[in-house]
Amino acid sequence: MSANARRWVEYRHLVTFGDTNSAGTVYFAKYFSWQGECRERLLAQFYPEFAADLRHGFLMVTEYAHADFFGEAVLFDTLVFRVTVTGLTRSRIEFEFEFARERDARLLARGRQAVVWTNQQHRPSLMPDKLYETTASFFGLRESGAV
């Protein structure tokens with residue numbers, strides 16, 4: 001699947017005081033928090049069993065996170081968060097994120113993140129079949145051969 005043909009999931013977010021600094025603009029670190037929020041919303045949608053897996057010692061550990069910034073969001077802006085999966089193996093998921101202001105569609109930030117599924121001993125492990133298969137199917141990804 002080409003980059004232009006990727007399937008994205010969108011979420012809306014109203015910027016509130018909790019998202020801004022004293023000048024009323026969104027602080028750059030908030031975009032990393034929103035990456036995690038998008039990831040968790042996808043888990044809730046595709047694999048709600050993740051909450052039970054956490055209680056049994058399984059985790060998704062962030063391998064890396066990156067963001068590029070192009071503009072500022074301010075108090076009461078409505079933002080559109082977009083997330084897609086760009087890479088998938090049996091133990092790792094790579095995400096791409098876009099954050100845009102809804103009223104003018106201006107791209108404010110773009111980010112990337114990779115997470116690794118770990119077992120109770122905090123070692124990389126195979127993710128549950130349901131999570132892998134649902135993600136692969138929805139985003140049109142094929143096995144890369146790597147674990």
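This report describes the internal cavity of a predicted model and the helix that contributes to its lining.

Local features require pLDDT of at least 70 and side-chain atom pairs pLDDT 80 or more, whereas totals for chains, interfaces and linings use all residues. Residues are numbered from 1 along each chain as its sequence is written, and side-chain values use heavy atoms, without hydrogens and water.

A search of the whole structure yields one cavity of 30 Å³ or more. A cavity is a set of points on a 1 Å grid over the protein atoms alone where a 1.4 Å probe fits but cannot get out, and its lining residues have an atom within 4 Å of a point. Volume is the space filled by probe spheres set on the points, which are joined across faces, edges and corners. The largest cavity holds about 60 Å³. Its lining comprises Arg39, Leu42, Leu43, Phe46, Val85, Ile93, Phe95, Leu131, Thr135 and Phe139.

The following elements each give two or more residues to that lining; helices (H or I, at least four residues) and strands (E, at least two) are DSSP runs numbered from the N terminus.

| Element | Residues |
|---|---|
| helix H1 | 29-46 |
| strand S4 | 92-101 |
| helix H3 | 129-139 |

H1 gives the most, with four residues. Among the buried residues of H1 (under 20% relative accessible area, 1.4 Å probe, protein chains only) are Arg39, Leu42, Leu43 and Phe46. Leaving aside neighbours within four places in sequence, Leu42 is in contact (heavy atoms within 4.5 Å) with Val9, Tyr11, Tyr47, Val83, Phe95 and Phe139.

Key: On a 1 Å grid over the protein atoms alone, a cavity is a set of points where a 1.4 Å probe fits but cannot get out, and a pocket is an open set with protein on both sides within 12 Å along at least five of seven lines; lining residues have an atom within 4 Å of a point. Buried means under 20% relative accessible area, exposed over 50%, partly exposed in between (1.4 Å probe, protein chains only).
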